[in-house]
Amino acid sequence: MSGLDPAIHAVTRLELCGLLAPVDDAEFSFLRERLKVSDSVLSKHAKALEQVDYLRIDKVTRNARQRTLLSLTPAGRHAFREHVAELRRLASIADASHEVAG
């Protein structure tokens with residue numbers, strides 16, 4: 001897929017993918033705090049990404065506590081890279097247009 005991906009383009013989803021891109025996984029609570037959203041908002045966006053196979057949601061037990069881990073799937077990593085590349089392409093067009101106009 002090329003161009004902007006509507007599954008990722010929502011601001012919270014884009015930020016979520018950006019936080020997950022450099023790591024294997026991250027805890028739901030960490031992501032919620034970093035994104036400054038409620039549990040329900042993060043759950044909604046995570047489910048939307050999971051439905052298109054961009055995100056994996058795992059329940060694990062660590063230190064006798066149930067944890068929810070989120071991770072990008074290979075398809076999700078690819079889609080995020082493509083989305084960011086398209087944003088960069090659009091930004092370069094805008095920069096070039098500004099230079100011509102200026």
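This report walks through the sheet, the helices, the salt bridges and a surface patch of a predicted model.

## The sheet

Let's start with the strands. Three of them, in the order 1-3-2, make up an open sheet with antiparallel pairing. Strand 1 (26-27) and strand 2 (55-62) are the edge strands, and each has a single partner strand, so one side of each has no neighbour in the sheet. As general background, strands of a sheet pair through backbone hydrogen bonds, in either a parallel or an antiparallel way.

The pairing of strand 1 with strand 3 (residues 65-72) is antiparallel and runs over 2 bridges. If you would like to find this pairing on screen, look for Ala26, whose bridge partner in strand 3 is Leu70.

## Ser71 and its surroundings

Strand 3 also holds Ser71. Is this residue buried or exposed? Ser71 counts as buried, because its relative accessibility is 11% and the cut-off for buried is under 20%.

Which residues surround Ser71? Setting aside neighbours within four places in sequence, Ser71 is in contact with Leu20, Asp24, Asp25, Tyr54, Leu55 and Arg56. Of these contacts, Leu20 is also one of the buried residues of helix 2, while Arg56 is partly exposed, with a relative accessible area of 48%.

## Helix 2 and its buried side

Helix 2 (residues 11-20) has Thr12, Arg13, Leu16, Cys17 and Leu20 as its buried residues. Around the axis they cover an arc of only 135 degrees, which places them on the same side of helix 2. The general geometry helps here: an α-helix has 3.6 residues a turn, so residues three or four places apart point the same way.

## Helix 3 and its two sides

In helix 3 (28-35), the buried residues are Phe28, Leu31 and Leu35. Their arc around the axis is only 65 degrees, which puts them on the same side of helix 3. What do these buried residues pack against? Their packing partners are helix 2, strand 1, helix 4 and strand 3.

On the other side of helix 3, Glu33 and Arg34 are exposed. For Glu33, the relative accessible area is 54%.

## Two positive phi angles

Two loop residues deserve a look at their backbone angles. Lys36 comes just after helix 3, in the loop between helix 3 and helix 4 (39-51). Although Lys36 is not a glycine, its phi is positive, at about 55 degrees. With a relative accessibility of 75%, Lys36 counts as exposed.

The other residue is Asp53, in the loop between helix 4 and strand 2. Asp53 is not a glycine either, yet it has a positive phi of about 65 degrees. Its relative accessibility is 46%, so Asp53 counts as partly exposed.

## Salt bridges

How many salt bridges does the model contain? The count comes to 6. In general, side chains of opposite charge can pair when their charged atoms come close. One of the bridges joins the side chains of Arg32 and Glu33, at 3.6 Å from N to O. Arg32 is partly exposed, with a relative accessible area of 22%. Arg32 and Glu33 also belong to a network of salt bridges that includes Asp39.

In helix 4, Glu50 and Lys47 are 3 residues apart, which separates them by about one helical turn. These two residues form a salt bridge, with their closest N and O atoms 3.9 Å apart. Glu50 is partly exposed at 31% relative accessible area, and Lys47 is partly exposed at 46%. Another salt bridge links Asp58 with Arg56, whose closest N and O atoms are 2.9 Å apart. Asp58 counts as partly exposed, at 23% relative accessibility.

## A nonpolar surface patch

Finally, which residues form the nonpolar patch on the surface? The patch is formed by Leu4, Leu90 and Ile93, which together have about 220 Å² of accessible area. Ile93 sits in helix 5 (residues 74-101). With a relative accessible area of 41%, Ile93 is partly exposed, so this residue passes the cut-off of over 30% that applies to members of a patch.

Notes:
Residues numbered from 1 in each chain as written. Predicted model: local features only at pLDDT ≥ 70, side-chain atom pairs only at ≥ 80, totals over all residues. Heavy atoms only, no water. Patch = residues over 30% accessible without salt bridge, like charges linked within 9 Å, V, L, I, M, F, W, Y side chains within 5 Å. Areas by Shrake-Rupley, 256 points an atom, 1.4 Å probe, with all protein chains shown as cover. Salt bridge = Lys/Arg side-chain N within 4 Å of Asp/Glu carboxyl O. Helix = DSSP H or I, 4+ residues; strand = E, 2+ residues; numbered from the N terminus. Buried < 20%, exposed > 50% of the residue type's maximum accessible area, 1.4 Å probe, protein only. Arc of directions from axis to C-beta. Pairing = 2+ DSSP bridges. Contact = heavy atoms within 4.5 Å.
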